[in-house]
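Reader: I am new to reading protein models. Could you take me through one, feature by feature?
Author: Gladly. Here it is.

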Amino acid sequence: MGDGDAAAGLDPAEVGRIFREESGRSLAALIRAFGDIDVAEDAVQEAFAVALGKWPRDGVPPNPGGWITTTARNQAIDRLRRESRGRQLLSEVAVLAPGGGEPAIPQEVGPVPDDRLRLIFTCCHPALSTQAQLALTLRLLGGLSTRQVARSFLVSEATMARRLVRAKRKIKAARIPYRVPEAHELPDRLRPVLAVIYLIYNAGLSGPAGPGLCAEAIRLARILAGLLPDELEVAGLLALLLLTESRRASRTRADGSLVLLGEQDRTQWDQALITEGQTILRRCLRRNHPGAYQLQAAINAVHADAATVEQTDWPQIVALYDQLLVAAPTPVVALNRAIAIGEVQGPAVALALVDELDLDTYYPFHATRADLLGRLGRHREAAAAYQRAAAMAPTDAEQDFLRRGGRASREADR
Amino acid sequence: MAHYLLSVHSVEGEVREPMTDEEMAQSHQQLAVLEQELKSTGAWVASGRLHEPATATVVRRAGGEVVTTDGPFVESKEHLGGFYIVQAPDLDAALTWASRVTGAIRAPIEVRPFAGFEV
């Protein structure tokens with residue numbers, strides 16, 4: 001097969017990449033056709049094995065997604081025919097399938113919703129824990145292996161495998177449906193879906209899996225925004241992720257240490273992502289129904305507009321945080337609002353607001369206090385706050401950053 | 001169709017805010033309407049309320065003999081107070097019934113699928 005490899009110019013890693021890109025839709029279609037996640041997963045896995053043998057020799061088929069769906073469907077039917085339990089399942093799905101016979105894969109044309117849309121509402125059903133929602137979404141829609149999902153959330157592969165098995169078992173036993181919620185249910189049901197995509201992005205920002213998870217979250221947000229074009233918060237989330245992603249290159253130094261927003265090299269910000277994020281955001285803000293994701297995106301858009309930190313329109317950011325605090329009245333939002341107010345009215349006003357918050361176990365609270373205390377010349381207290389923050393920070397990069405702040409404060413105190 | 005157990009659990013000694021007579025009457029009214037609707041839509045399978053756990057008796061086999069003892073199987077603060085068994089096409093439909101029950105009785109409802117009805 002060596003000659004064929006050279007002719008097609010395709011190595012197994014490349015097959016894996018294309019396959020992963022295309023297989024989410026196929027997996028969702030098969031789950032719908034067979035009503036069984038395990039059967040669908042096994043079938044897509046078998047199709048991958050076939051692709052690994054075939055694609056390097058013959059080249060990628062013109063419609064790889066269609067090829068995967070057809071191949072996996074045939075694999076599933078063959079396998080089910082060999083098992084008695086499988087024959088029973090087949091006869092059941094045949095009853096459901098229009099025209100009888102074999103399970104039909106619905107064609108995706110016109111207003112027929114994409115199967116992935118049904119599936120993401122299944123994965124993020126409120127009857128499942130957030131942990132299970134995250135794991136299922138990454139596994140079934142992101143196409144990550146169990147090992148990759150485990151690594152993203154710092155748990156062992158065995159723990160993650162158990163978590164996935166338990167979640168899939170609940171979907172099956174309790175009959176969590178595969179369907180897009182109706183319009184009146186959508187606001188409630190969309191909330192965990194958006195939260196899961198946002199959590200996946202954030203896990204990518206600070207966790208060891210890094211950019212891969214961020215890219216996956218953006219991919220899922222794009223799919224969702226394409227499938228639900230009238231849902232403003234979906235567009236708002238996509239804009240937020242794109243604007244946050246635009247600062248990736250400037251967020252860390254070569255040694256992995258963190259750079260604060262105010263100290264970032266703004267020429268490194270990705271203008272294409274900023275333009276895309278701002279265009280999406282403008283389009284949804286025009287509808288004048290801002291929710292929490294649109295407002296967070298708007299705050300990021302104001303930062304993106306400032307060529308230097310001094311040019312930042314802080315009063316505008318404070319006004320947006322005022323609105324955000326109404327939409328999402330959490331102490332974390334109140335903390336960030338206090339930081340913005342500090343830029344307009346000075347660190348003493350901000351510190352008074354921060355000290356009212358009950359966020360003792362949240363390390364950015366202590367980091368914020370440390371910064372404000374330092375700016376007020378209270379270096380000894382600042383050093384203590386840096387120390388508390390560093391002790392709680394989840395990653396090495398964040399700990400190093402905070403320890404440096406603590407050292408600087410101690411030196412200033414001398 | 002799948003079958004679901006909608007169970008009402010009460011916690012012994014936990015003081016819930018007592019309902020006024022008016023609220024009690026409203027709750028009974030809501031439950032009556034709900035049960036009628038469960039039956040007319042074919043979702044109702046069974047329902048019932050239980051006496052307090054002190055009225056329970058346990059029967060078990062020990063050393064080839066059947067022994068009868070007083071009291072509930074597990075001494076615990078939480079106990080089953082009542083239940084509905086409903087049939088529903090999927091969990092969302094069962095949860096919709098459960099949200100109506102919890103609205104009427106103002107206590108949490110646990111929704112659990114029966115095994116062996118997966119048709």
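Reader: How many salt bridges are there between chain B and chain A?
Author: Start with the general idea. Side chains of opposite charge can pair when their charged atoms come close. Now the case here. This is a predicted model, and the count between chain B and chain A is two salt bridges.

Reader: Which side chains meet in a salt bridge at 3.4 Å, N to O, with one partner in chain B and the other in chain A?
Author: Look at B:Asp92 and A:Arg189. Their side chains form a salt bridge, with 3.4 Å from N to O.

Reader: Which elements of chain B supply at least two residues each to the side that touches chain A?
Author: Two elements fit that description: strand 1 (2-11) and helix 2 (91-105) of chain B. Helix 2 of chain B gives the most, with three residues. Then sort the residues on this side of chain B by class. Nine are nonpolar, three are charged and no polar residue appears.

Reader: How many residues does each chain bring to the contact?
Author: Chain B brings 12 residues, and chain A brings nine. You can also read a contact by area. About 820 Å² is buried between chain B and chain A, and carbon and sulfur atoms give 50% of that. Polar contacts are counted too. Between the two chains, six residue pairs are in polar contact, both residues being at pLDDT 80 or more.

Reader: How many salt bridges does the structure hold over all chains?
Author: The total is 28 over all chains. Take a pair inside chain A as an example. The side chains of A:Arg191 and A:Asp188 meet in a salt bridge, at 3.4 Å from N to O.

Reader: Why are A:Arg191 and A:Asp188 separated by about one helical turn?
Author: Count along the helix. Both sit in helix 10 (residues 186-206) of chain A, and they are about one helical turn apart because three residues separate their positions.

Reader: Next, cavities. How many of 30 Å³ or more are there?
Author: There are two cavities of 30 Å³ or more. The largest cavity holds about 60 Å³ of space.

Reader: Which residues line the largest cavity?
Author: Read the lining as a list first. It consists of A:Arg116, A:Leu117, A:Ile120, A:Leu141, A:Leu220, A:Ile223, A:Leu224 and A:Leu227. Then ask where they come from. Helix 6 (115-123) and helix 11 (211-227) of chain A each supply at least two of the lining residues. Helix 11 of chain A has the largest share, four residues. By class, seven lining residues are nonpolar, one is charged and none is polar.

Reader: Last, backbone angles. Which residues have a positive phi although they are not glycine?
Author: Two examples will do. A:Arg175 has a positive phi of about 55 degrees and is not a glycine. A:Arg175 sits in the loop between helix 9 (157-173) and helix 10 of chain A. A:Asn288, also not a glycine, has a positive phi of about 55 degrees. The loop that holds A:Asn288 runs between helix 14 (271-285) and helix 15 (292-305) of chain A.

Technical notes:
Residues are numbered from 1 along each chain as its sequence is written. Chains are lettered from A and ligands numbered from 1 in the order in which they are written. This is a predicted model: local features need pLDDT of at least 70, side-chain atom pairs count only at pLDDT 80 or more; totals for chains, interfaces and linings use all residues. Side-chain values use heavy atoms; hydrogens and water are left out. On a 1 Å grid over the protein atoms alone, a cavity is a set of points where a 1.4 Å probe fits but cannot get out, and a pocket is an open set with protein on both sides within 12 Å along at least five of seven lines; lining residues have an atom within 4 Å of a point. Grid points are joined across faces, edges and corners, and a volume is the space filled by probe spheres set on the points. Ala, Val, Leu, Ile, Met, Phe, Trp, Tyr, Cys and Pro count as nonpolar, Asp, Glu, Lys and Arg as charged, and the others, Gly among them, as polar. Contact means heavy atoms within 4.5 Å. Buried area is the accessible area (1.4 Å probe) that two parts lose on being put together, summed over both. A salt bridge is a side-chain nitrogen of Lys or Arg within 4 Å of a carboxyl oxygen of Asp or Glu. A polar contact is a pair of N or O atoms within 3.5 Å; within protein, one must be able to donate a hydrogen and the other to accept it, and residues adjacent in sequence count only if both atoms are side-chain atoms.
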